[in-house]
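Dear colleague,

I am passing on the structure we talked about, and below it you will find my notes on what was found. Please read them with the model open beside you.

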Amino acid sequence: MRIFWILLKKELHAFFVSPVAYVVLALVMILNGFAFRAALSVLESAPSEGSIVSWTFHAMWFWLSYFFIFPLLTMRLFAEEKKMGTLETLFTAPVRAWQVVGSKYLASVIVYGVLWLPSLFNFKFAQWISAGQVEVPPGAMQGAYLIIMVMGMFNLAVGCFASSLTANQIVAAILSFTLSLLHFLLGIFVMVVGRKLSDTIVDIVNYFAATEHIRTFTAGLIDSRTLVYYLSMSMLFLTFTHHVVEFRRWRP
Amino acid sequence: MIDVQHLTKQYAGRTAVSDISFQVEPGEIVGFLGPNGAGKSTTMRILSGYMPATSGHARVAGFDVFHQSIQVRQSVGYMPEMAPLYTDMKVKEYLRFRAELKGLSGHAMRRRVGEVMELTGVTDMRRRLIGNLSKGYRQRVALADALVHKPGLLILDEPTNGLDPVQIRHVRDLLRSLKSKHTVLLSTHILHEVEQTCDRVIMIHQGRLRANDTPQNLTSQLRSTTLLHLELDGAGNLAEKLAALPGVRKTTEEKLLVQPWRRFTLRVEPGHDIRDAVLELAMQQKWRVREMHRQLPNLEDVFVELSMNAGTPTDIPTHVL
């Protein structure tokens, strides 16, 4: 466990000494600003059932940030070490593969969490300047941030896996972007052709669909099936990553 | 310290190391030689626990390199070829990180990092980013990293690669000074280095063990001729008289600008030492001698001979994964 914390500290350090974390943070803040503004203008134009929280996370701007975060945060994790040859130095120190994979993953999850902190301020700010007139339902807030976190954990695990497969960061980024996009498109697929499909298929696809998860959670409905789905899928991809990293040791 | 038994490593359809066995005793400095792609790095990677062998066994400090990988890595200080380092860290920061990974902590860790920085001469660079260091300094940081946990065995893959002559001498002195505390296995291309530093030489070529002996034994066993350089002054046909000595295969004379001195090079059959005979002849003939120097075959000759005897080097793999 001691080794794990040492590695985690080093990974976090690597994130914050490189400009990547700050660039991503700035972009996420800008896009969140746009998303928030879009939500406000929806509420301004007509009465609505949705809260400001659900409109914010339905905005196109939100999805825009959603897609570029994961490749940017995870592409260098393993690919860079492979290219630089430092994986050899790392694995000739007495460290185990799970410690390396776990520390890199947890560091990316922590950085990801930090990215969303400024957006909390948007809602506080809206309440403050409107003297409490803008309603921010606490259930929706909890649901929204919970789903953003677990979805992020899933996509970061996918990104870790993509990065472990290659020594080229660009390839890793494209791979994780594609996998995240395919996952997202499941929901769009139902929206587009849903009427022609049987209810069972729609239900099954919706169980996997990110858009559907955002819809229910930002309405304040916390669905444990979704949480189990994302967390178990994260574990699966981390296990894949572990095996890819450890494969070196087993290759005949 | 190291016990390698019938070690074989195959990469997809290509054999990098084939049936190698050797031992290294504690306190030895062993040079690991071979042309590029001979399987040196592969063997070293297996010994450092980075990757497994296809077949055969290797034990380091009593631990099996595959089944007890963590213990092996704990007792080995490994410096990979090209010295890969985290370029976004500062020297001291990096060494502290590595020391912690290898089990040191607190005051002892800080003191040890200070010691190895002093030992390898990177103390002045401790606040610099590794990415901004020259090749020589990176090499030294990697060496400091290998030393930091006081491992019983140091495995150094071309530690002097890319260093200037002064730095090479520094590394050589450092390795000699480590001899009492560490066993060292190092690979290099600089044969001169090996002759001066190593107790024993292991040569591999095309994945096979070619030689395993002291540098002196290797060179004396070599069937090449020795050379004897002479500078003489005397009357008569010197070359003819010299050539008549037993064991002299060939005599060549070099023109010298300084008269009346004449310079001869005698090629002497192996097993003959004709220096006494030359002096006796000189006294008898009343020649003056101002230089006599015997040139023994060096490790480079051994190396070339072994590489040549092993057949045409066409099937040497061009790169090692």
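Before the strands are described, one definition is needed: two strands are said to pair if DSSP finds at least two bridges between them. Please also keep in mind throughout that this is a predicted model.

With that in hand, I would begin in chain B, where Phe32(B) stands opposite Ile202(B) in β9(B). The strands concerned are β3 (residues 29-33) of chain B and β9(B), which pair in the parallel sense over four bridges. Strand β9 itself covers residues 200-205 of chain B and is mostly covered, six of its six residues being buried. This holds for both of its faces, since Arg200(B), Ile202(B) and Ile204(B) are buried on one side, and Val201(B), Met203(B) and His205(B) are buried on the other.

β9(B) also pairs with strand β10 (residues 208-213) of chain B, here in the antiparallel sense and over five bridges, and in this pairing Met203(B) stands opposite Ala211(B). The two strands β9(B) and β10(B) form a hairpin with two residues between them, and Gln206(B), which lies in the turn, has a positive phi of about 50 degrees.

Elsewhere in chain B there is an open sheet of four strands in the order β2-β1-β4-β5, with antiparallel pairing. Its edge strands, each of which pairs on one side only, are β2 (14-24) and β5 (63-64) of chain B. Helix α1 (residues 40-47) of chain B packs on this sheet, where it touches β1 (2-11), β2 and β4 of chain B, and its direction makes about 120 degrees with that of β1(B). At the β5(B) edge, strand β4 (residues 55-60) of chain B pairs with β5(B) in the antiparallel sense over two bridges, and Val60(B) stands opposite Phe63(B).

As for the overall division of the chain, chain B is split into domain 1 (2-220) and domain 2 (225-296), and the centres of these two domains, taken over C-alpha atoms, are separated by 45 Å.

The contact between the chains takes 19 residues from chain A and 21 residues from chain B. On the side of chain B that touches chain A, α2 (69-75) and α3 (91-101) of chain B each supply at least two residues, and α3(B) gives the most, with four residues. The residues on that side of chain B divide into 12 nonpolar, four polar and five charged.

Turning to chain A, the axes of helix α4 (residues 60-74) and helix α7 (residues 97-129) of chain A come within 10 Å and cross at roughly 140 degrees, the crossing being right-handed. α4(A) contributes Ile69(A), Leu73(A) and Thr74(A) to this contact, and α7(A) contributes Ser108(A), Val111(A), Tyr112(A) and Leu115(A); these residues divide into five nonpolar, two polar and no charged.

Lastly, you may wish to look at Phe57(A), which is found in the loop between α3 (52-56) and α4 of chain A. Why does Phe57(A) count as buried? The cut-off is 20 or more other C-beta atoms within 10 Å, and Phe57(A) is buried because it has 26 other C-beta atoms within 10 Å. Leaving aside its neighbours within four places in sequence, Phe57(A) is in contact with Phe62(A), Ala144(A), Ile214(A) and Thr218(A). The C-alpha atoms of Phe57(A) and Ala38(A), which are 19 residues apart along the chain, are separated by 10.0 Å.

With best wishes

Notes
Residues are numbered from 1 along each chain as its sequence is written. Chains are lettered from A and ligands numbered from 1 in the order in which they are written. This is a predicted model: local features need pLDDT of at least 70, side-chain atom pairs count only at pLDDT 80 or more; totals for chains, interfaces and linings use all residues. Two residues are in contact if their C-beta atoms, placed from the backbone, lie within 7 Å. Ala, Val, Leu, Ile, Met, Phe, Trp, Tyr, Cys and Pro count as nonpolar, Asp, Glu, Lys and Arg as charged, and the others, Gly among them, as polar. Axes are lines fitted to C-alpha atoms, for helices over the stretch in contact, and angles run from 0 to 180 degrees between N-to-C directions. A crossing is left-handed if the near helix is turned anticlockwise from the far one by less than a right angle, and right-handed if clockwise. Domain bounds come from an automatic or database domain assignment. A residue is buried if 20 or more other C-beta atoms lie within 10 Å of its own, exposed if 12 or fewer, and partly exposed in between; C-beta atoms are placed from the backbone.
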